[in-house]
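Hi,

Here is the structure I promised to pass on. Have a look at it first, and my notes on what turned up follow below.

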Amino acid sequence: MQQLFTPIHVGRYSLRNRLVMAPMTRSRSQADGTPGELAVEYYAQRAGLGLIVSEGTQPSDDGQGYLTTPGIYTDAHVAGWRKVTEQVHAKGGHLFIQLMHAGRMSHPDNTPHHRQGVAPSAIAPNTQMFTPTGMQDIPAPRALSREEIRQTVADFRFAARRAIEAGADGVEIHAANAYLIQQFFAPSANSRNDEYGGSIENRARFAIEVASAIAEEIGADRTAIRLSPGTTLWGIDEGAEGPDLYRYLVAELDKLSLAYLHVMQQGDEPLLADIRKLWRHTLILNRPGRPREEIGADLSAGLADLEAYGQMVLANPDFVERLYHAAPLNEANRAAYFGGDAQGYIDYPALYGAAAN
């Protein structure tokens, strides 16, 4: 457990501890995707963690999936995020903005342009999404053309540059959780017969192109990526070749010398062991639902360099202090996870009675 509280060098930064705030969608941005004033306090409250990874942030109009999620491609977005990063830095913290393109996990009613979602192939996820008029079926997406794929890579590159302009320490590419990049990995979402579909190498191509473009734009030591091997959310099925795809992908990404790889572990321990061997740089591990008594176990076992936590950090802005002092943890208010106001967002009490600040 004590290893959690030791400093570590990640990319170009020295982090004060090995605890990471995992990215969590909170759906509290302004209608245009600009982070609101409450977001400034929300992230600043949690600056005691070694690294904050922001909620998924769309790199373009096409990238938005859910209501009131933030963007990072307009001047207003940059100004809003700058307020966040300034306060996080004032408290000695570091923040990477997670770039998330939702792909087919989108509804026209939720996006600025109200257009059909885009994806590797025109295959619907067969699920529903919350919209301004309630739950609706997600319509089938439109398959991206080769030219549009190149433009999407350019959108990621541009958003990464804008994130740095906003004062972020780096960006984390969201290639997990059934969103656009992972849709390319899965035959259930990708039936293309060009250079982006079919073979393992082809299905991994888009992820590698995005990572390469961002690393070239802002520096590999400020570029990171998140993967969730084996995720079966919303119709994603990576098939029998899934583990081998990740072995290939991680080996190729390793050549880029990115700041870190963030793995959301789904239970395939042999694959995780292989990833640990293939990835020669910093590895962050997130095990959803990990009980408190297992915090620090992956560091002790040598499986990870840092550990990421979501719900516990959401409910405990002073998470690091509570762990250090073996203090009780607040329970998360699930009803306030998505949307709303300060309640369940910035009003969780600190150890000494007041809301964390």
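Strand β3 (residues 19-21) pairs with β14 in the parallel sense, over three bridges. Within that pairing, Val-20 sits opposite Ala-308 of β14. Please keep in mind while you read on that this is a predicted model.

On its other pairing, β14 is joined to strand β13 (residues 282-286) by two bridges, and these two run parallel as well. Here Ile-284 is the residue that stands opposite Leu-306 in β14.

Which way do the residues of β14 point? Leu-306 and Ala-308 go one way from the strand (residues 306-309), while Glu-307 and Tyr-309 go the other way. All of them are buried, the Glu included.

Now for the sheet that these strands belong to. The order is β3-β4-β5-β10-β11-β12-β13-β14, a closed barrel of eight strands with parallel pairing. On average, neighbouring strands in this sheet are turned by 25 degrees against each other, if you ignore direction. As a reminder, strands of a sheet pair through backbone hydrogen bonds, either parallel or antiparallel.

Going round the barrel, strand β4 (residues 51-53) and strand β5 (residues 95-99) run parallel and are joined by two bridges. Ile-52 has Leu-95 as its bridge partner in β5. Helix α3 (residues 146-165) lies across β5 and β10 (170-175), and the helix runs at about 160 degrees to β5.

Next comes β11, and I'd spend a moment on this one. Five bridges link β10 to β11, again running parallel, and His-174 has Arg-226 of β11 as its bridge partner. With strand β12 (residues 260-264), β11 shares four bridges, and that pair is parallel too. There Arg-226 turns up again, standing opposite His-262 of β12. So how many of the residues of β11 (residues 223-227) are buried? Five of its five are, and the strand is mostly covered. Thr-223, Ile-225 and Leu-227 point one way from β11, and Ala-224 and Arg-226 point the other way.

On to the helices. Two packed helices are described by the angle between their axes and the distance between the axes, and I have two such pairs for you.

The pair α1 and α2: helix α1 (residues 37-45) packs with helix α2 (residues 75-90) at an angle of about 25 degrees, and their axes are 8 Å apart. Because that angle is under 35 degrees, α1 counts as roughly parallel to α2. The crossing of α1 past α2 is right-handed. On the α1 side, the contact is made by Glu-37, Ala-39, Val-40, Tyr-43 and Ala-44, and on the α2 side by Trp-81, Lys-83, Val-84, Gln-87 and Val-88. Sorted by character, the residues of this contact are seven nonpolar, one polar and two charged.

The pair α6 and α7: helix α6 (residues 242-254) and helix α7 (residues 269-278) pack at about 15 degrees, with axes 9 Å apart. These two are therefore roughly parallel to each other, and α6 passes α7 in a right-handed crossing. From α6, the contact takes in Pro-243, Tyr-246, Arg-247, Val-250, Ala-251 and Asp-254; α7 brings Leu-271, Asp-274, Ile-275 and Leu-278. The residues of that contact split into seven nonpolar, no polar and three charged.

Cheers

Note on methods: Residues are numbered from 1 along each chain as its sequence is written. This is a predicted model: local features need pLDDT of at least 70, side-chain atom pairs count only at pLDDT 80 or more; totals for chains, interfaces and linings use all residues. Side-chain values use heavy atoms; hydrogens and water are left out. Axes are lines fitted to C-alpha atoms, for helices over the stretch in contact, and angles run from 0 to 180 degrees between N-to-C directions. Angles under 35 degrees count as roughly parallel, over 145 as roughly antiparallel, 65 to 115 as roughly perpendicular and the rest as oblique. A crossing is left-handed if the near helix is turned anticlockwise from the far one by less than a right angle, and right-handed if clockwise. Contact means heavy atoms within 4.5 Å. Ala, Val, Leu, Ile, Met, Phe, Trp, Tyr, Cys and Pro count as nonpolar, Asp, Glu, Lys and Arg as charged, and the others, Gly among them, as polar. Two strands pair if DSSP finds at least two bridges between them. Buried means under 20% relative accessible area, exposed over 50%, partly exposed in between (1.4 Å probe, protein chains only).
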